Amino acid sequence: MTFDKVRTRFAPSPTGYMHVGNLRTALYAYLLAKKNNGTFILRIEDTDRERYVEGAVDIIYNTLRKTGLIWDEGPDIGGPVGPYVQSERMGMFKKYALQLVESGHAYYCFCDKERLEEVRTIQQASGISPRYDGHCRNLSPEEIKEKLDAGVPYVIRQKMPTEGTTSFDDEVFGTITVENSTLDDQILIKTDGMPTYNFANVVDDHTMGITHVIRGNEYLSSTPKYNLLYDAFGWQKPVYVHCSPVMKNHTEKLSKRNGDASFEDLIAKGYLTEAIINYIALLGWSPKGENEVFELNELIQEFDIDGISKSPAIFDTAKLTAINGAYIRKLSIDEYLSYATPYIRQTCKREDIDLEKLAKMLQPRTEIFTDIPDQVDFIDQIPDYSNELYCHKKMKTNEENSLESLKEILPVLEGLQDWNFDNIHNSLFALIEKLGVKNGLILWPLRVCLSGKQFTPGGGVELAELLGKEESIRRIKHGIEQLSK
């Protein structure tokens, strides 16, 4: 199948936050279009008014802009096949449905709710999957005219073939074949004249020239019905790319309803936008090489439909965090500091702290920005800590030798006139050499007494420089006092 130009679309419903699976669909559609110098279209499918959430359209716009998935045609910028909001396209669908009635591929159905419910009840009691029983499929033209003239409410249903099979090719799942006898005569136009989602979707995709449809594999079962519509109209079918779901674990789908993270939640948790997009690309898609860290322009070059897996993808927070850490380490110190400062200031209020020095200590140890507040909460005030922290098997320290080490350190640091990293470092290592001990025997007790923590953004020398001479001396004396009790 050939097209003059690749045209993909992202067609979200404004029902709330942008969940991970939805964003992945947008990303794959964007990457496929850009890889082929094609067009990426944004279409808002807002006809389900019961699920419509005020402000959700803005969330869609803002999320796509923030992630760099900029559309070429859409509601706000227009284009040659607009309008791009489904509720603004309502006038066109009835015409297409009537065309199918004329060609014999659809029919008027006048069954009321009571009859349909009765049929459904009987089918369920008989162990039959509920479906329309075809009661109105073969009404005569005279019967149809009589009911229409009488104003009897109706829907328009698709007339499915009752024999044979319908097949379609999917780029991920291969050839799918279904028995036509299993297909329900789905409603195309509802009693209020509005189209169903399935019908509007096909008409919109065709009239917008969509060449590749990327969506979740929950639509695999509906695709034969879509293709029969394409055939009935004599339209060229798009290329189908159905993606398996993103799973929370091996049995549960990732779902905002179940409290799983949306894009906004991940940003709030301290993840970088670029890292989120990179990770979402890997949820069900594998690049050809070993590298898995790609910026958006690199993803465009790497992306290939062949890399999409049939298997569901498990959302692995640890892997996302690792990728995020890789992106954080690539930031310039100024960029890092602009992201990190709000998190630093949650627990560190001291104005005399050199934030750039602190940032240089933190950056190699930051995987997500929400890690930062707990790493720097000792700066303003040392927390209460147990003397057991001084005991470190690898450093061969215990409470007794830590006390002796701090007593040796105190006069050395008190005697320093110029308080900077090099002087602190040189004086401490001169002490280590003089005592003939391992580095850890001096540096570990210093780290503990300055921070009250086992894990810190820097070692004892860095912490002493950061805290300043007066505060460092005060904390060393406090450590000696605590160990002497």
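**Exercise 1. Cysteines**

Task: In this predicted model, decide whether cysteine 243 is buried or exposed, and find how many disulfides the structure holds.

Solution.
- Step 1: Start with the accessibility of cysteine 243, which has a relative accessible area of 5%. Buried means under 20%, so cysteine 243 is buried.
- Step 2: Now look for disulfides: the structure holds 0 of them.
- Step 3: Cysteine 391 gives a good check, since the nearest cysteine sulfur, that of cysteine 449, is 14 Å away. A disulfide needs the two sulfur atoms within 2.5 Å, and cysteine 391 is in no disulfide.
- Step 4: Cysteine 391 has a relative accessible area of 39%, so it is partly exposed.

**Exercise 2. A three-stranded sheet**

Task: Work out in which order the 3 strands of the open sheet are arranged, and which strands are at the edges.

Solution.
- Step 1: Take strand 3 (residues 106-109) and strand 4; 4 bridges join them, and they run antiparallel. Within this pair, alanine 106 stands opposite glutamine 158 in strand 4.
- Step 2: Turn to strand 4 and strand 7, which are joined by 2 bridges and also run antiparallel. Here the bridge partner of arginine 157 is isoleucine 187 in strand 7, while isoleucine 156 stands opposite isoleucine 189 in strand 7.
- Step 3: Put the pairs together, and the open sheet has the order 3-4-7 with antiparallel pairing. Strand 3 and strand 7 are the edge strands, each pairing on one side only. On average, neighbouring strands of this sheet are turned by 40 degrees against each other, direction ignored.
- Step 4: Follow the side chains along strand 4 (residues 155-158). In a regular strand, side chains alternate between the two faces of the sheet. Val155 and Arg157 point one way, Ile156 and Gln158 point the other way, and all are buried.

**Exercise 3. Two helices that cross**

Task: Find at what angle the axes of helix 3 and helix 6 cross, and which residues meet there.

Solution.
- Step 1: Two packed helices are described by the angle between their axes and the distance between the axes.
- Step 2: The axes of helix 3 (residues 93-103) and helix 6 (residues 197-207) come within 11 Å and cross at roughly 100 degrees.
- Step 3: Angles of 65 to 115 degrees count as roughly perpendicular, and helix 3 and helix 6 are therefore roughly perpendicular to each other.
- Step 4: From helix 3, the residues in the contact are Phe93, Tyr96, Ala97 and Leu100; from helix 6, they are Phe199, Ala200, Val203, Asp204 and Thr207. Sorted by class, this contact has 7 nonpolar, 1 polar and 1 charged residues.

**Exercise 4. Helix 7 and threonine 273**

Task: Count how many of the 11 residues of helix 7 are buried, then find what threonine 273 is in contact with.

Solution.
- Step 1: Helix 7 (residues 223-233) is mostly covered, with 10 of its 11 residues buried. Among them are Thr223, Leu228, Leu229 and Phe233.
- Step 2: Just after helix 7 comes glycine 234, with a positive phi of about 75 degrees.
- Step 3: Move on to threonine 273, which has its place in helix 9 (residues 273-281). At a relative accessible area of 11%, threonine 273 is buried.
- Step 4: Leaving aside neighbours within four places in sequence, threonine 273 is in contact with Lys66, Thr67, Phe263 and Ile267.

**Exercise 5. Residues in loops**

Task: Find where asparagine 37, lysine 396, proline 83 and serine 181 lie.

Solution.
- Step 1: Asparagine 37 lies in the loop between helix 1 (20-35) and strand 2 (39-42). Although asparagine 37 is a residue other than glycine, its phi is positive, near 55 degrees. With a relative accessible area of 66%, asparagine 37 is exposed.
- Step 2: Lysine 396 sits in the loop between helix 14 (372-376) and helix 15 (399-414). Its phi is positive too, at about 60 degrees, and lysine 396 is exposed, with a relative accessible area of 63%.
- Step 3: Proline 83 is found in the loop between helix 2 (56-67) and helix 3. A cis peptide bond joins glycine 82 to proline 83, with omega about 0 degrees.
- Step 4: Serine 181 belongs to the loop between strand 6 (174-179) and strand 7 (187-189). Serine 181 is partly exposed at 41% relative accessibility. Beyond its neighbours within four places in sequence, serine 181 is in contact with Arg131, Pro161 and Thr162.

Notes: Residues are numbered from 1 along each chain as its sequence is written. This is a predicted model: local features need pLDDT of at least 70, side-chain atom pairs count only at pLDDT 80 or more; totals for chains, interfaces and linings use all residues. Side-chain values use heavy atoms; hydrogens and water are left out. Buried means under 20% relative accessible area, exposed over 50%, partly exposed in between (1.4 Å probe, protein chains only). Contact means heavy atoms within 4.5 Å. Two strands pair if DSSP finds at least two bridges between them. Axes are lines fitted to C-alpha atoms, for helices over the stretch in contact, and angles run from 0 to 180 degrees between N-to-C directions. Angles under 35 degrees count as roughly parallel, over 145 as roughly antiparallel, 65 to 115 as roughly perpendicular and the rest as oblique. Ala, Val, Leu, Ile, Met, Phe, Trp, Tyr, Cys and Pro count as nonpolar, Asp, Glu, Lys and Arg as charged, and the others, Gly among them, as polar.
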